[in-house]
Amino acid sequence: MKPPYGDAEKLTFGRMFTEHMYTIKYKDGKGWYDGKIEKYRPFMMEPAACVFHYSQEVFEGLKAYKTSDGRVLLFRPEQNARRLNRSARKLCMPELPEETFLSALKELVLLEKDWIPDAPGTSLYIRPTMIASEAFLGVNSAKEYLFYIILSPVGAYFKAGFNPVSIYVEDQLVRAAVGGVGDIKTGGNYAASLLGGMKAEKKGFSQVLWLDAKEHQYVEEVGAMNVFFVFGEKLVTPMLTGSILPGITRDSVLKLAHEMGYEVEERRIAIDEVLEGIKTGKLTEIFGSGTAAVISPVGLLHYQDTNYYINDNQVGKLTRSFYEHLVDIQYGHVEDKLGWSYELK
Ligand SMILES: Cc1ncc(COP(=O)(O)O)c(C=O)c1O
């Protein structure tokens, strides 16, 4: 029988949604109530709903993977539950109990098991979202919220092979400032990144590397990924200063690097240091980390009208090793020694 998502080869990202979703409501004084799985459908919302005006919205992104023997695995989903609540706290939204988050995920994904593609690199993307649903105009924290989870079968990220991407280093526009909300997953951060993304795309680059808001000098993150630099056998990544998202893949790479015996540094990294490293050959690899790509090799940085090629635009040894290691755990190809896989059954 044909799977519900059709041809796995034709799947892209975030265009197709499964038949069901999970919803639960919240009211001040009552707490979370009426959690249920229902058919995927448009919401009826008042035009005055707070989320449309003042952006009280937070979300998460993770994936369900089907193993070759048909098991369903999530990757560190408790971290997404925790990060959602961190995001919620910062926008004065109610926290959702982690058990509610995880049991809703489990029930919904198992119900939609047939929607999880099993071709290499494919998965079922999970989008938990919380919005302020109360209808009122005024800059106050809302008293009513809706949390929901929708699912989307997605194709392999590296359809044309595990190839390096070219990145535009943005030195004018900024994504987020320390003290703001750059370290949480809220829609406004992504809206704020669109102009930079369009600028990069027009110049022929696939993503933007953001620099810090104050000095336009220190490396922050890439689009929807954290960023890593390999100096010989040392792995360096920007420290969490409050303006970048603490990625779950970032944390996993850091833990794997420790396990593998690499020296790791979380610190501020100036773009000048990066460019100097490329020029002298001391910087041998750059890669991004995030749920969508897992690991994305970077072959070129474009900064102030100059192209800087990394490792001759070839995928580096460590980049490939982290990618394979993480994918092997996510798809259950290897024993999960770190306790990161969460089997749904
Ligand atoms: C802005 C931003 N940075 C980094 C990441 C990587 O985070 P994770 O590894 O948890 O997917 C994401 C993706 O969620 C993101 O949107």
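This passage describes the domains, cores, strand pairings and ligand surroundings of a predicted model.

The protein is assigned two domains. Domain 1 covers residues 8-154, and domain 2 covers residues 165-330. Their centres, taken over C-alpha atoms, are separated by 27 Å. The two domains touch. On one side, 19 residues of domain 1 take part, and they are in contact with nine residues of domain 2. On the domain 1 side, β3, β4, β5 and α2 each give two or more residues. Helix α2 gives the most, with six residues. By class, this side of domain 1 has seven nonpolar, five polar and seven charged residues.

The start of the chain was examined next. Lys10 sits in the segment before β1. Lys10 counts as exposed because it has 9 C-beta neighbours inside 10 Å, and the exposed class ends at 12. A partner distant in sequence lies across from Lys10. Gly155 is 145 residues away along the chain, yet the C-alpha atoms of Lys10 and Gly155 are separated by 7.1 Å.

Strands β1 and β2 follow. Strand β1 spans residues 20-27, and it pairs with β2 in the antiparallel sense over seven bridges. Within this pairing, Tyr26 stands opposite Trp32 of β2. The hairpin of β1 and β2 has three residues between the strands, and Gly29 there takes a positive phi near 90°. Strand β2, residues 31-39, is hardly covered. Of its nine residues, the count that are buried is zero.

In soluble globular proteins, nonpolar side chains tend to be buried together. The largest nonpolar core of this model has 43 residues. Ala64, Val109, Ile126, Met130, Tyr145 and Ile149 touch the most other members of this core. Many elements contribute. At least two core residues come from each of β1, β3 (57-59), β4 (62-66), β5 (72-75), α2 (77-90), α3 (98-111), β6 (123-132) and β7 (144-154). Strand β7 supplies the largest share, six residues. The contacts of Ile149 were then listed, leaving out residues up to four places away in sequence. Ile149 touches Met21, Tyr22, Ala104, Leu105, Leu108, Ile126, Arg127 and Pro128. Another core, of 38 residues, lies apart from the largest one. Its members include Trp210, Phe228, Val253 and Leu283.

Val253 belongs to helix α5. Val253 is buried because 26 other C-beta atoms lie within 10 Å, and the buried class begins at 20. Its contacts, not counting residues up to four places away in sequence, are Phe228, Ser289 and Phe322. Phe228 is also a member of the 38-residue core. Val253 and Tyr323 are 70 residues apart in sequence, and their C-alpha atoms are 9.2 Å apart in space.

Strand β15, residues 294-303, has several pairing partners. Strand β8, residues 165-170, runs parallel to β15, and four bridges join the two. In this pairing, Ser166 stands opposite Leu300 of β15. Strand β14 runs antiparallel to β15, with five bridges between them. Here Gly288 stands opposite Ser296 of β15. A hairpin of three residues joins β14 to β15. Strand β16, residues 306-309, also runs antiparallel to β15, and four bridges join them. Leu300 takes part again, with Tyr309 in β16 as its bridge partner. The hairpin of β15 and β16 has two residues between the strands. In that hairpin, Gln304 takes a positive phi near 45°.

The last part concerns the ligand. The ligand is surrounded by 13 residues. The closest are Gly247, Ile248, Thr249, Gly290 and Thr291. Two elements, α5 (248-260) and β14 (283-290), give two or more residues to this shell. Helix α5 provides the largest share, three residues. By class, the shell has four nonpolar, seven polar and two charged residues. The elements around the ligand also appear above. Helix α5 holds the buried Val253, and β14 pairs with β15.

Terms used
Residues are numbered from 1 along each chain as its sequence is written. This is a predicted model: local features need pLDDT of at least 70, side-chain atom pairs count only at pLDDT 80 or more; totals for chains, interfaces and linings use all residues. A residue is near a molecule or strand if its C-beta atom, placed from the backbone, lies within 6 Å of it. Ala, Val, Leu, Ile, Met, Phe, Trp, Tyr, Cys and Pro count as nonpolar, Asp, Glu, Lys and Arg as charged, and the others, Gly among them, as polar. Two strands pair if DSSP finds at least two bridges between them. A nonpolar core is a set of buried Ala, Val, Leu, Ile, Met, Phe, Trp, Tyr and Cys residues joined through C-beta atoms within 7 Å. Two residues are in contact if their C-beta atoms, placed from the backbone, lie within 7 Å. Domain bounds come from an automatic or database domain assignment.
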